[in-house]
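Student: I would like to work through this protein model with questions about its helices, its surface and its cysteines. Could we begin once the structure is in view?

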Amino acid sequence: MSAIVRVIGTAVAAFGLSMAAVAQDLPIETRIGEEGFESPPASLEQMDWLVGQWVGEGIAGAPALESWLPPTGGTMVGTFVQETTSEDGESAIMFTEHLYLMEEGGTLVLRLKHFNADLTGWEEKDGMLTFRLVAMEDCAAFFNALTLRCDGPDGLVAAVRMKSDKPEPQELLFRFKAVGAALASYDCDGTTVAINNCLSEALGRAKARQATYLEAALGSADNSSDLAEMIRTSDQEFTAYRERECNSVYEQWKEGTIRNAMSLRCSIRLTDQRTHDIWRNWLTYQDSTEPVLPEPEPTR
C-alpha cells in the first residue's frame, strides 16, 4: 500500500508504493473529493480483505513489504518497509511507515507517519498525513487522492494522485501480492481475502465429492426404491443442518475478520463427515468385498 508520501498544499506529491510506475496511460484509480465533501459511513469490517502480509517491488525496483493487523479498538495498525541496496550490495532499510486505519465519526480515515532507517521521523513530532474516505465499494476503499483495492484473490492495488501541471491526472500505481496466498489446498494462508477464496475452493471440492458419493449410494440403493428416497431425504436434512450450524459459527465470530473463514471451515468439516457417513452406511460391505468407492480422506 504505502511508501513515500509528500503533501504540497492539500495535494499528495509522492507516494512510492510498489512498482513505482506513473500510471498516466492507465485507467484512473484515484478519486478526489469535492471541496467540503463529507465522508460516507464505513467501518473496519469492510476492510477485512486488507489484513495480512503483502510483498511487491517498491522504489527503484527494491522490495517493499507491508503488513496489516486485524482491528483492535476501532483501529487497524499497519507497517510498511521500503528496502534499498547498500554500497556492499546488501539489503537495507530506506524508510518505514507506521499506519493507522481508524473508525472516526462513523467513517474511516487513514493516518500515517514516516521514519528513516535510524527511526528519526519525517513529520513534526505531532504531525502526520491524513487521508479522508471519499467512497467505499466491495473490496475497495477510495480515500481522497489515495486508493486501496483488491486485485484478484491475492493481490492489492494502491494508487495515489500526484500534483502535476499536466491537464490529465497523474498517478503512482503499485501492486502487491499476498504472502503465501491462495494455496491449492485446505491449508490456506495469506490475506483474509486469499484465505476465504482458498477455503471456498476447498468447500467446492468437498461438496463435489459428497455429490459423487451420494450418487453412487443412490445407484446402489436403486434410485426408485424407498431406501433411495430415504437417503435423499437424509441428505436434504443434512444440508439444512450444515447451513444452520455453520451460520451459528459465523454469528459467534461476526465481530472478527475470521468470521467467513470459521464458517467455511465448519462447512468443509461437516461435508467431509457427511461424505464419510455416506461411504460407511451405503458404499461398504460387511464382508471383505471391496467398497463401491474408496474411503474418502479429509479435503485437501
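The questions and answers below concern this predicted model.

Student: How many disulfides does the structure hold?

Tutor: A disulfide is a covalent bond between the sulfur atoms of two cysteines. Cys 139 and Cys 150 form one, with their sulfur atoms 1.7 Å apart. Cys 246 and Cys 266 form another, with a sulfur separation of 2.1 Å. The number of disulfides in the structure is two.

Student: What is the handedness of the disulfide of Cys 139 and Cys 150?

Tutor: Cys 139 is in the loop between strand S9 and strand S10, and Cys 150 is in strand S11. Both Cys 139 and Cys 150 are buried. The torsion about their S-S bond is about -50 degrees, so this disulfide is left-handed.

Student: Which helices are tied together by the pair Cys 246 and Cys 266?

Tutor: The link of Cys 246 and Cys 266 is left-handed, with -80 degrees about the S-S bond. Both of these cysteines are buried. Cys 246 lies in one helix and Cys 266 in another, so the pair ties together parts that are 20 residues apart in sequence: helix H2 (residues 226-252) and helix H3 (residues 259-282).

Student: What distance separates the end C-alpha atoms of H1?

Tutor: Helix H1 covers residues 192-220. At 1.5 Å a residue, its 29 residues should span 42 Å. The distance between the end C-alpha atoms agrees with that expectation, at 42 Å.

Student: Is Asn 196 buried or exposed?

Tutor: Asn 196 lies in helix H1. Leaving aside residues up to four places away in sequence, Asn 196 touches Asn 260, Ala 261 and Leu 264. Its relative accessible area is 14%, and the limit for burial is under 20%. Asn 196 is therefore buried.

Student: What phi does Asp 222 take?

Tutor: Asp 222 comes just after H1. Its phi is positive, at about 65 degrees.

Student: Which residues make the nonpolar surface patch of about 190 Å²?

Tutor: One of its members, Val 179, is found in the loop between strand S13 (170-178) and H1. Val 179 counts as partly exposed because its relative accessibility is 35%, and a patch residue needs over 30%. The patch is made by Val 55, Leu 65 and Val 179.

Notes
Residues numbered from 1 in each chain as written. Predicted model: local features only at pLDDT ≥ 70, side-chain atom pairs only at ≥ 80, totals over all residues. Heavy atoms only, no water. Helix = DSSP H or I, 4+ residues; strand = E, 2+ residues; numbered from the N terminus. Buried < 20%, exposed > 50% of the residue type's maximum accessible area, 1.4 Å probe, protein only. Contact = heavy atoms within 4.5 Å. Patch = residues over 30% accessible without salt bridge, like charges linked within 9 Å, V, L, I, M, F, W, Y side chains within 5 Å. Areas by Shrake-Rupley, 256 points an atom, 1.4 Å probe, with all protein chains shown as cover. Salt bridge = Lys/Arg side-chain N within 4 Å of Asp/Glu carboxyl O. Expected span 1.5 Å × (residues − 1). Disulfide = S-S within 2.5 Å.
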